[in-house]
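Subject: A structure for you to look at

Hi,

Here is the structure I promised to pass on. Have a look around it first, then read my notes below.

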Amino acid sequence: HGLEVLREIRIKDPEAAVDLLKGAAFRDRDKRADIGTAVHAAIEGWVKGKVPEGLEGPAELAFNAYLDWEKTCGVTCPRVEEKVYSLKHGYAGRADLIALVRGVPTVLDWKVAKGVYAEYHLQAVAYTRAAREMGLDVGGKGPPVQAMIVRIPKVAGDALEVVAVPDDDNAFQAFLSAKILWTHLNPSATAKAEAKAAKEAK
């Protein structure tokens, strides 16, 4: 099942299967990266108690959309830019936010994009599995049991979209299949990736 999902992604977007491990999808990548970086920084600062300054245009719109969502969902016990790793499967990364959402331990991933793409689901599941393997406790309620992708709009008229990501075995196997493909195509980077996962565990 994992390979079937991977093939589907490759048909729709040939670069996505490899690039999903890096968390980018090559769709308006450079322009979106600037907005995404600003919004990520603003949300991170806000969760840490800092009021962001200097936001304008699409970045300001995106941040305000996040604030509206945060008011309705009850985000508590936040862990911002949390390191997650899996020694068992040899990968590591940083979750945008791990927190209680309406009392449920949740991995949250911000995306400033036109849509929620398949590779986003795979990354979210992988981070959830890694956090659970670590035994990462969220607000005294144990490790994350779910993930959410929060698509933040960057143009007027577009609405913030929250997509729940079930902890699905098929999606996780698809992620591992993509990891195998990436490893095969990037042998020189494999040792670095595994070393990073081991380093994150220390």
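What follows is what I found in it, going from the whole chain down to a few residues.

First, keep in mind that this is a predicted model. The chain has seven helices and five strands. Starting at the N terminus, the elements go α-α-α-α-β-β-β-α-β-β-α-α. Of its 202 residues, 46% count as buried. If you take the contacts with a separation of 6 or more, 63% of them are between residues 24 or more positions apart. The accessible surface is about 10,300 Å², and carbon and sulfur atoms hold 53% of that.

Now for the strands. β1 (residues 75–86) and β2 (residues 91–101) run antiparallel, joined by nine bridges. One pair to look up is V84 and its bridge partner in β2, G93. Four residues sit between the two strands of this hairpin, and G90 has a positive phi near 70 degrees.

Next, the inside. In soluble globular proteins, nonpolar side chains tend to be buried together. Here the largest nonpolar core has 25 residues, and V84, Y91, I98, V107, V165, F172 and F175 are the ones with the most contacts inside it. β2, α5 (118–134), β4 (146–151) and α6 each give it at least two residues. The largest share, eight residues, is from α5. Apart from this core there is another one of 23 residues, including V39, L97, V101 and V150.

You've now met V84 twice, so what does V84 touch, leaving out residues up to four places away in sequence? The answer is A92, G93, I98, Y127, A130, A131 and M134.

Finally, zoom in on helix α6, which covers residues 169–185. Its 17 residues should span 24 Å at 1.5 Å a residue, and because the end C-alpha atoms are 24 Å apart, the two values agree. At the N-terminal end, D168 acts as a cap, with a side-chain oxygen 3.1 Å from the backbone nitrogen of N170. Is N170 buried, partly exposed or exposed? Its relative accessibility is 32%, so N170 counts as partly exposed. Buried residues of α6 include A171, F172, F175 and W182. One last pair to find: N170 and V125 are 45 residues apart in sequence, while their C-alpha atoms are 10.0 Å apart in space.

Have fun exploring, and write back with any questions!

Cheers

How values were computed. Residues are numbered from 1 along each chain as its sequence is written. This is a predicted model: local features need pLDDT of at least 70, side-chain atom pairs count only at pLDDT 80 or more; totals for chains, interfaces and linings use all residues. Side-chain values use heavy atoms; hydrogens and water are left out. Buried means under 20% relative accessible area, exposed over 50%, partly exposed in between (1.4 Å probe, protein chains only). The expected span of a helix is 1.5 Å times one less than its number of residues. A polar contact is a pair of N or O atoms within 3.5 Å; within protein, one must be able to donate a hydrogen and the other to accept it, and residues adjacent in sequence count only if both atoms are side-chain atoms. Two strands pair if DSSP finds at least two bridges between them. A nonpolar core is a set of buried Ala, Val, Leu, Ile, Met, Phe, Trp, Tyr and Cys residues joined through side-chain atoms within 4.5 Å. Contact means heavy atoms within 4.5 Å. Accessible areas come from the Shrake-Rupley method with a 1.4 Å probe; for residues, only the protein chains shown count as cover.
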